[in-house]
Structure formats: structure tokens, C-alpha cells
Amino acid sequence: MTKKDLTYHLKKISHFYGNKKVLEIDNLEIKKGTITGLIGPNGSGKTTLLRLLAFAEKPSFGQIFYKDRQEFPFSPTIRSKVTLLTQKPYLLRRTVFENIAYGLKIRKDIKQLEERVEKALNNVGLNYQNFAQRKWHELSGGEAQRVAMAARLILKPEVLLLDEPTASVDTESAKLIRKASLKARDIWGTTLIIASHDLQWLYSISDKQLSLFKGNIFTSGMENIITGPFERLSERESDKRFVKKLKDGQIITLKAPQNKECTTAIVKKKNITIELEKSSDNGIYNQLTGHIVSMLLEEKRGDIMVTVAVHDLSFVLRLSSDQINSLSLYPGKKVLLKFHSSEVEWI
Ligand code: ADP
């Protein structure tokens with residue numbers, strides 16, 4: 001991959017609000033024409049990252065390269081190329097037609113305006129006759145989101161950033177937003193970055209997922225988080241391992257954190273195996289009993305994302321359909337999750 005294939009390259013970014021660090025990204029590359037999903041709990045930094053990528057805000061430290069050029073907020077080159085659609089889209093207090101035509105009019109690009117607006121509306125599943133003359137307040141949440149999306153897509157952006165696009169929309173709108181996003185990527189090579197809590201939807205659209213947790217990024221997608229409180233495994237000075245005691249009596253043993261500030265352990269899904277039988281206990285492997293709560297198909301790779309609840313923790317694993325079949329896994333099934341106590345990272 002050459003630098004030219006990259007839409008974004010973030011280097012040593014950290015971002016603060018006041019003295020609180022909300023984002024820390026050492027290195028992140030986003031390839032042109034890809035669709036990246038951003039996953040993470042509330043407050044993990046997804047919106048902040050999208051705002052930095054939209055050049056709506058300058059990172060406190062570090063650099064953002066856009067197509068191999070360092071760029072800054074409000075640069076005119078960027079303004080016409082990168083567009084951010086927020087969860088509650090802003091519509092002008094005008095008709096749907098005026099909302100969609102607005103960007104083109106500003107650019108004085110008004111050739112075949114009606115036809116283009118009609119096409120843009122069709123792309124998001126809205127009929128021109130029914131919708132073009134509707135006022136901004138005569139739309140449902142899903143329709144308003146689709147109008148906002150059509151208003152962005154008519155400008156053929158190089159980058160479309162979507163912040164929780166399906167949070168307040170109906171399932172039909174969610175499907176149409178997905179379709180319009182994929183079409184933009186396929187026709188214009190648009191790069192999309194999408195934050196969403198709707199994992200099934202996000203996995204059905206994205207090529208790659210990034211997990212954010214406390215402003216840190218995990219590039220291999222969703223990873224498993226174990227939060228404290230933790231206790232020392234033993235009083236002995238030589239054994240610095242930690243344990244997490246679950247209220248159902250199960251105990252998770254974890255290698256010692258690198259330093260005092262580490263408060264959260266990450267167990268990568270590739271390091272967890274799922275089995276049905278307990279192995280003889282050697283004390284190094286965690287063997288946790290849980291049950292499957294969901295199985296989601298990741299359409300791009302054909303893998304199945306399996307979520308297992310272990311008391312009040314949940315773990316996600318990526319399995320192939322062969323693995324699912326050989327263990328006869330189904331939602332509700334009791335399973336064992338096994339991982340080595342040293343296979344954790346502390347943050
Ligand atoms: P997410 O989108 O994942 O919910 P955000 O990026 O909105 O996360 O927030 C990350 C952290 O930054 C949170 O702790 C939030 O309270 C804080 N934050 C976000 N915006 C501001 C702001 N303008 N001023 C101060 N703190 C903020």
C-alpha cells in the first residue's frame with residue numbers, strides 16, 4: 001500500500017478537553033474507499049475522533065494527514081471533500097428540495113438540478129413527488145436522516161463520516177442508509193467512517209472495525225474489556241498477578257499490570273477459545289462458564305461474532321461457521337471460555 005492509497009494517516013494524536021485526555025492514538029491509517037466501523041461505549045471518544053477526522057476541531061497534539069498532506073480545521077480544500085453527518089441531522093428550515101439542492105447552489109453547480117435532486121432522493125429511498133416539497137418538520141426521524149444523507153451525497157464527498165446514523169431511525173431507514181453508503185463507496189470511491197452502537201448493522205456494512213475504549217484504539221475490532229476492581233492474587237511479593245472476582249464465585253486471573261495507572265484489562269478475542277468441557281486445571285488458564293447471548297453474522301468475511309455472557313461480563317469471539325457447527329453452538333447454550341492469564345493487555 002502506498003501513501004496515495006491512504007485517505008487518513010493519524011500520527012501521535014492526543015486530544016484533551018481541559019486537562020482530561022479523551023483520545024490517544026499513536027498511529028492510524030485509513031485506506032481510500034474503505035468502510036470503517038467505530039465501536040465503543042458512550043464516552044469512549046467516537047464523536048471526538050469523528051470531529052477530528054472532519055477537521056472540525058484540531059487535535060491537542062499530533063498530526064492528521066489527509067491524502068498525504070497535513071491538514072487543519074476549516075481548510076477550504078477539506079470543507080468540500082469531507083462531510084460529517086451527526087446523529088440529529090441539521091436541516092435547513094426549508095423544503096426537502098431546498099435542503100438537497102443547497103450545497104450545489106452554493107457551488108453554483110445547478111445544471112439539471114431537479115434531475116439530480118430526484119436521483120439523490122431515490123438513492124435514499126424517498127420518492128421525489130411525495131417528498132421534494134415537504135417542509136423540514138414534516139419528516140419522521142428516519143426520513144430526516146435520509147434527507148440529510150442525500151444532501152451530503154449529492155456533493156459526492158471523498159469522505160463521509162456518520163455518527164450514530166441509525167440511532168433514531170426505523171429499520172427500513174437503517175437499511176436504506178446502508179445501501180446508499182455502499183453505493184457511494186462503489187460509485188465514487190467514498191471513504192466512510194461510521195460510529196454505531198448497532199453492531200449487527202455496523203458489521204453488515206463495514207470492512208473493518210476499530211474499537212475505542214477510554215480514548216484508546218484497538219485496530220483489530222471489538223476487544224473484550226475487563227474493568228476493575230481487581231485484587232492481588234496472593235500476598236507473596238513475587239506473585240504480582242491480579243484477580244477479578246465475579247459475584248457468581250468465578251475468578252479471573254490476570255498477569256500483573258505494567259504500572260499503577262492500569263485500571264482495565266483487555267483480552268483479545270483471538271486469544272480466547274470456546275469449548276464445552278473443562279480441561280484439567282493447571283491454574284494458568286482461565287476457564288469461565290457462561291452462555292451465548294448473541295450470534296451475529298459479519299457479512300464481509302462470513303465469520304460469526306459470538307457474544308458470551310459470563311456473569312456480568314460479556315466476551316465477544318470471532319468464529320467460523322465450521323467452528324459453530326462442530327460445537328453445535330446456539331444462543332442460550334452454556335459454554336466455557338478459556339484464555340491464558342498472560343494473554344491480557346492493561347490500559
Ligand atoms: P462517544 O462519542 O464515544 O460517546 P465522545 O467523543 O462524545 O464519546 O466523548 C469522549 C469524552 O470527551 C467524554 O468523556 C466526554 O464527556 C468528553 N467530551 C466530549 N466533548 C467534550 C467537550 N466539548 N468538552 C468537554 N468534554 C467533552
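Reader: How many salt bridges does the structure hold?

Author: The structure holds 17 salt bridges. A salt bridge here is a side-chain nitrogen of Lys or Arg within 4 Å of a carboxyl oxygen of Asp or Glu. Please keep in mind that this is a predicted model, where local features need pLDDT of at least 70 and side-chain atom pairs count only at pLDDT 80 or more, while totals for chains, interfaces and linings use all residues. Residues are numbered from 1 along each chain as its sequence is written, and side-chain values use heavy atoms, with hydrogens and water left out.

Reader: Why is the contact of Glu275 and Lys338 called a salt bridge?

Author: The N to O distance between the side chains of Glu275 and Lys338 is 2.7 Å, and the cut-off is within 4 Å, so the pair qualifies. Glu275 sits in strand β16 (residues 273–275) and Lys338 in strand β20 (residues 334–340), 63 residues apart, so the pair links distant parts of the chain. Strands in this naming are DSSP runs of E with at least two residues, numbered from the N terminus.

Reader: What makes Lys338 buried or exposed?

Author: Buried means under 20% relative accessible area, exposed over 50%, and partly exposed in between, using a 1.4 Å probe and protein chains only. Lys338 has 5%, so Lys338 is buried. Its partner Glu275, at 31%, falls in between and counts as partly exposed.

Reader: How do you know that Asp303 and Arg318 form a salt bridge?

Author: Their side chains meet at 3.5 Å, N to O, which is within 4 Å, so the definition is met. Asp303 lies in strand β18 (residues 303–310) and Arg318 in strand β19 (residues 313–319), so the pair ties together parts 15 residues apart in sequence. Asp303 is buried at 15%, whereas Arg318 is partly exposed at 21%.

Reader: Why is Asp186 called exposed, and what is Arg185 called?

Author: Asp186 has a relative accessible area of 58%, which is over 50%, so the word is exposed. Arg185 has 16%, under 20%, and therefore counts as buried. The closest N and O atoms of this salt bridge are 3.1 Å apart. Arg185, Asp186 and Asp207 are linked in a network of salt bridges.

Reader: What makes β1 and β4 a pair of strands?

Author: Two strands pair if DSSP finds at least two bridges between them. Five bridges join strand β1 (residues 6–17) to strand β4 (residues 61–66), so the definition is met, and the strands run antiparallel. One of the partners is Phe61 in β4, facing Ser14 by a bridge.

Technical notes: Helix = DSSP H or I, 4+ residues; strand = E, 2+ residues; numbered from the N terminus.
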